[in-house]
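User: I would like to go through how the helices of this model pack and where selected residues sit. Please reason through each point before giving the value or name asked for.

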Amino acid sequence: MNTNAIENPDGGIDNGLLAEIVHELNLAHRNVSAYPKGHPVVSRSCEKVTELFDRLLSSRREITFGVAKETLLFGADSLALLNPMVKGVARILFYHGIALITFRKGLSPREIEAFNGILALKRERVAAEGGIEQLMLHAGIEHLRISRIRYD
């Protein structure tokens, strides 16, 4: 597995941009967990994430990452060496049983904030409220899709 270069069949993916996105996703998650809803720090952080995804998705409709316990995967490549924050993002997604995460063109700061709010909840609470998919539907998250880990 080549962990130094991430490539897309349609062309290349900018490693620096991917590293920056993962870094900002991690910060957005921390900010959403630490500050009240609507706080300017949260708003700016979520806006930064969507601006980066706008750049990444300028030539494609969506991008999907696999989730392992401590890394994100793009195709057959691990993003672990691109950014140490990959581990933090991967762990929280894995904790919630997410196997794949797809970001689609049109992703909004509100969706990033809502999704991170869901990720800040304990698994038991997420389950009690109908599961992560139900919470995402209720939050109006349309430009972010997940596929759950299937243990069967």
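User: In which hand of crossing does H4 pass H6, left-handed or right-handed?

Analyst: This is a predicted model, and the answer below is read from its coordinates. Helix H4 and helix H6 (residues 132-139) pack at an angle of about 150°, with their axes 10 Å apart. The hand of the crossing in which H4 passes H6 is right-handed.

User: Which residues make the contact between H4 and H6, and how do they divide by class?

Analyst: From H4 the contact takes Arg-110, Ala-114, Phe-115, Ile-118 and Leu-119, while H6 contributes Ile-132, Leu-135, Met-136 and Ala-139. By class, the contact of H4 with H6 has one charged residue, no polar residues and eight nonpolar residues.

User: How is H2 oriented with respect to H4, and why?

Analyst: Helix H2 (residues 40-56) and helix H4 (residues 109-119) pack with their axes 8 Å apart, at an angle of about 115°. Angles of 65 to 115 degrees count as roughly perpendicular. The orientation of H2 to H4 is therefore roughly perpendicular.

User: What is the hand of the crossing of H2 and H4, and which residues of the two helices make the contact?

Analyst: The crossing of H2 and H4 is right-handed. On the side of H2 the contact is made by Val-42, Cys-46, Glu-47, Val-49 and Thr-50, and on the side of H4 by Pro-109, Ile-112 and Glu-113. The residues of this contact of H2 with H4 divide into two charged, one polar and five nonpolar.

User: Is Thr-50 buried or exposed, and with which residues is Thr-50 in contact beyond its neighbours within four places in sequence?

Analyst: Thr-50 lies in helix H2, and because its relative accessibility is 6%, Thr-50 counts as buried. Leaving aside neighbours within four places in sequence, the residues in contact with Thr-50 are Leu-107, Ser-108, Pro-109 and Ile-112.

User: Where is Leu-107 placed, and which residues does Leu-107 contact beyond its neighbours within four places in sequence?

Analyst: Leu-107 is placed in the loop between strand E6 (98-104) and H4, and with 6% relative accessibility Leu-107 counts as buried. The C-alpha atoms of Leu-107 and Glu-62 are separated by 9.9 Å, although these residues are 45 residues apart along the chain. Leaving aside neighbours within four places in sequence, Leu-107 is in contact with Thr-50, Phe-53, Ile-112, His-143 and Leu-144.

User: How many residues does the largest nonpolar core have, and which of them have the most contacts inside it?

Analyst: In soluble globular proteins, nonpolar side chains tend to be buried together. Here the largest share of the largest nonpolar core, seven residues, comes from helix H1 (residues 15-34). Leaving aside its neighbours within four places in sequence, Phe-53 is in contact with Ile-21, Leu-25, Ile-63, Phe-103 and Leu-107. The largest nonpolar core has 43 residues, and those with the most contacts inside it are Phe-53, Leu-93, Ile-101 and Phe-115.

User: How is H1 oriented with respect to H3, and why?

Analyst: H1 and helix H3 (residues 86-95) pack at an angle of about 55°, with their axes 8 Å apart. The orientation of H1 to H3 is therefore oblique.

User: Which residues make the contact between H1 and H3, and how does this contact divide by class?

Analyst: The crossing of H1 and H3 is left-handed. The contact is made by Val-22, Leu-25, Asn-26 and His-29 of H1 together with Val-86, Gly-88, Val-89 and Ile-92 of H3. By class, the contact of H1 with H3 has no charged, three polar and five nonpolar residues.

User: Is Ile-92 buried or exposed, and which residues does Ile-92 contact beyond its neighbours within four places in sequence?

Analyst: Ile-92 lies in helix H3, and its relative accessible area of 19% makes Ile-92 buried, since buried means under 20%. Leaving aside neighbours within four places in sequence, the residues in contact with Ile-92 are His-29 and Leu-119.

User: How far apart in space are His-23 and Leu-57, C-alpha to C-alpha?

Analyst: His-23 lies in helix H1 and is partly exposed, with a relative accessible area of 27%. Leaving aside neighbours within four places in sequence, His-23 is in contact with Asn-83 and Met-85. His-23 and Leu-57 are 34 residues apart in sequence, and their C-alpha to C-alpha distance in space is 17 Å.

Definitions and conventions
Residues are numbered from 1 along each chain as its sequence is written. This is a predicted model: local features need pLDDT of at least 70, side-chain atom pairs count only at pLDDT 80 or more; totals for chains, interfaces and linings use all residues. Side-chain values use heavy atoms; hydrogens and water are left out. Axes are lines fitted to C-alpha atoms, for helices over the stretch in contact, and angles run from 0 to 180 degrees between N-to-C directions. Helices (H or I, at least four residues) and strands (E, at least two) are DSSP runs, numbered from the N terminus. Angles under 35 degrees count as roughly parallel, over 145 as roughly antiparallel, 65 to 115 as roughly perpendicular and the rest as oblique. A crossing is left-handed if the near helix is turned anticlockwise from the far one by less than a right angle, and right-handed if clockwise. Contact means heavy atoms within 4.5 Å. Ala, Val, Leu, Ile, Met, Phe, Trp, Tyr, Cys and Pro count as nonpolar, Asp, Glu, Lys and Arg as charged, and the others, Gly among them, as polar. A nonpolar core is a set of buried Ala, Val, Leu, Ile, Met, Phe, Trp, Tyr and Cys residues joined through side-chain atoms within 4.5 Å. Buried means under 20% relative accessible area, exposed over 50%, partly exposed in between (1.4 Å probe, protein chains only).
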